[in-house]
Amino acid sequence: MGVAKIIGLETEYGVSGGTGDPIMSSSQLVTAYGHLGSYINWNFDDEHPGADARDARRFTSVAPLIETHIANTVLTNGARFYVDHAHPEYSGPEVCRASDAVLYDLAGDEVLRRAVTSVANGFGGQDALVIHKNNSDGKGNSYGSHENYLVSRDVPFDDLIAAMVPHFVSRSIYVGTGKVGAETDAGLRRDAWFHVSQRAEFFEEVVGLETTLKRPIINTRDEPHSDSDHYRRFHVITGDAQLSHVGIFLKVGTTALLLAALEQFGPRVFPASPENPVAAMRAVGIDTTLATSFRLTDGRLVTALDVQRELLGLAELYVANCGGGLVGGDDEARLILSEWRSILDDLAGNRTAAADRVEWLAKLQLLEAYQERHRFSRSDPRLAAISLQWHDLRPDKCLQSRVGMRELWSREDIDRAVTAAPRDTRAFFRGEVIRKFGESIAAANWDSVVFDLHDGVLRRVPMMEPLRGTADLTSNLLNRCESAEELLRELGV
Amino acid sequence: MAEQERIQKTRQQESVDAEEAIRVDASRHDQLKNDLDELLDEIDEVLEDNAEEFVRNYVQKGGQ
């Protein structure tokens, strides 16, 4: 039986400038932004990033080390903003729709912009910080943008692997943000000038627990942040961090629909996996012609577009049978299907038209036009500079914002989402209690809020069900209560 | 109106429509080209000054 596809997106940003120390810079960003409101600490009690979804006998990689997270806070929009490794990371609040995942991802970009301003105001005497929303530095260092989807625990993990590998191998054709030049040994052997995907060349395994080394196409981290008897949180690490509204919508919407289809139909209706998924993913990741083909385990030779068309057909079948209830409603499901069909049609027939949604294509067109105007060689550093500056979050520097890509949300919508939580998941309760009773909250995380009424006792409100704590269920209560004491009394905590 | 004449009229109208479509298409093409030229001018202005150094100095630590 399927479950609502609760979605959350995480972005690790590139950071430069400041003191030059990225850990220091990231801490400054989180601390300065956090102190604009009540700085609410993240609660690590329930974290188990080493839990593996596979059987112990197939355990082939080691659990990541638990690190000391220096600065780590929770925002009134329900998001987490913190230092991960040497990057500032924003993990958006839980949402029910792909379109809301886009909104809260874009709100994260705005949080980073405001954090840069707060650092400039609070830590004078250093160079301004510069933030890039990208996935690699061009020198072999990659950092992630992860997607999370709630999936029924009834789906065996092997079925997730079987069904989702073909999607992750092929979706780069509309998820990729493009870059100039290879940077891994595997990528350098291919020697492509322009890459469709920033991330693809960094993937080395089909399945694994790692996220920083030997990155796998299917990540096995089994940490549901919810009732583990009923739910998995499927942690997807393959995608590029996008600025294109429609690009993010497609990345998330297609994946959510396919997971719902898997819960309904099982893995047998999905296309067979590529014979060599890693090689296929890397080949698709550098193929600007979209003509590269790879062999599936059933013997067929297919292109990424072929696989995507089959997956679209499957998603259409799912929506025709079950409607869109699990992906945020029928209208949302229809919008995902129509945008998906239109992007595949345009990529196949009229690629110039797809450049208003697909970032790698828009970037490539800009690079080619600029190269032609100045008669540069392809190795001219100005082309690599354009590719990098594309992702600069400063409004006066960002090149992506100048090429006229289609937008789904207005400036005002995004500004609102910087401070207001989604209303239809538990993120609402988290965000609202922080906004209203921040002084009485000791710490919070995805599945609980810990209150400190300064009476020597910490009181924990569990939130194991992502679809509770919504505005419908809690806004009356929250409006009625004047204090945290009153709220906890009403909740019986 | 004789059948012949009507066909001729329709054909004339079609060819006018086609010419109009070509003109619209050409002006749209000019518009796109102007937009692109403006964009390329803008990029000359906002692109980081020393491109080689800018790209070389952008170094990040690996993440997830």
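Tutor: Let's start with a rule: two strands pair if DSSP finds at least two bridges between them. Keep in mind that the model here is predicted.

Student: OK, what makes β1 and β8 of chain A a pair, then?

Tutor: Strand β1 (residues 7-12) and strand β8 (residues 145-152) of chain A share five bridges. The cut-off is at least two bridges, so the two strands count as paired. Their sense is antiparallel. One residue match to look at: A:E10 has A:H146 as its bridge partner in β8(A).

Student: Which sheet of chain A do those strands sit in, and in what order?

Tutor: An open one of 10 strands with mixed pairing, running β13-β8-β1-β6-β5-β4-β3-β16-β17-β18 in chain A.

Student: Why are β13 and β18 called edge strands?

Tutor: Each of them, β13 (231-236) and β18 (458-462) of chain A, pairs on one side only. On average, and with direction ignored, neighbouring strands of the sheet are turned by 25 degrees against each other.

Student: Which strands does helix α14 of chain A lie across?

Tutor: Helix α14 (residues 427-437) crosses β3 (40-42), β4 (72-74), β16 (441-445) and β17 (448-452) of chain A. Its direction is at about 160 degrees to β16(A).

Student: Where are the domain bounds of chain A?

Tutor: Domain 1 covers 7-360 + 388-416, and domain 2 covers 423-491. Taken over C-alpha atoms, the centres of these two domains of chain A are 29 Å apart. Domain 1 of chain A puts 19 residues into the contact and domain 2 of chain A puts in 21. On the domain 1 side, β3(A) has the largest share, three residues. By class, that side of domain 1 of chain A holds seven nonpolar, nine polar and three charged residues.

Student: How many residues are in the largest nonpolar core, and where does that core lie?

Tutor: The largest nonpolar core has 135 residues, and A:A101, A:A256, A:L257 and A:I386 have the most contacts inside it. Domain 1 (7-360 + 388-416) and domain 2 (423-491) of chain A both give residues to this core, so it lies between them.

Student: What does A:A101 touch, leaving aside neighbours within four places in sequence?

Tutor: A:I7, A:L9, A:G92, A:V95, A:I248 and A:V252.

Student: What is A:D191, buried or exposed, and how do you know?

Tutor: Count the neighbours: A:D191 has 9 other C-beta atoms within 10 Å. The limit for exposed is 12 or fewer, so A:D191 is exposed. A:D191 lies in the loop between α5 (185-190) and β10 (194-195) of chain A. Its phi is near 55 degrees, a positive value in a residue other than glycine.

Student: And why is A:K214 not put in the exposed class?

Tutor: A:K214 has 14 C-beta neighbours inside 10 Å. Exposed needs 12 or fewer and buried needs 20 or more, so A:K214 falls in between and counts as partly exposed. A:K214 sits in the loop between β11 (203-208) and β12 (215-219) of chain A. Phi is positive here too, near 40 degrees for A:K214.

Student: Last one: how many residues of chain B are in contact with chain A, and which elements give them?

Tutor: 19 residues of chain B are in contact with 34 residues of chain A. On the chain B side, α1 (3-46) and α2 (51-57) are the elements giving two or more residues. α1(B) gives the most, with six residues. That side of chain B has 11 nonpolar, four polar and four charged residues.

Methods:
Residues numbered from 1 in each chain as written. Chains lettered and ligands numbered in written order. Predicted model: local features only at pLDDT ≥ 70, side-chain atom pairs only at ≥ 80, totals over all residues. Contact = placed C-beta atoms within 7 Å. Helix = DSSP H or I, 4+ residues; strand = E, 2+ residues; numbered from the N terminus. Nonpolar A, V, L, I, M, F, W, Y, C, P; charged D, E, K, R; others polar. Axes fitted to C-alpha atoms, helices over the stretch in contact; angles between N-to-C directions. Domains from an automatic or database assignment. Core = buried A, V, L, I, M, F, W, Y, C linked by C-beta atoms within 7 Å.
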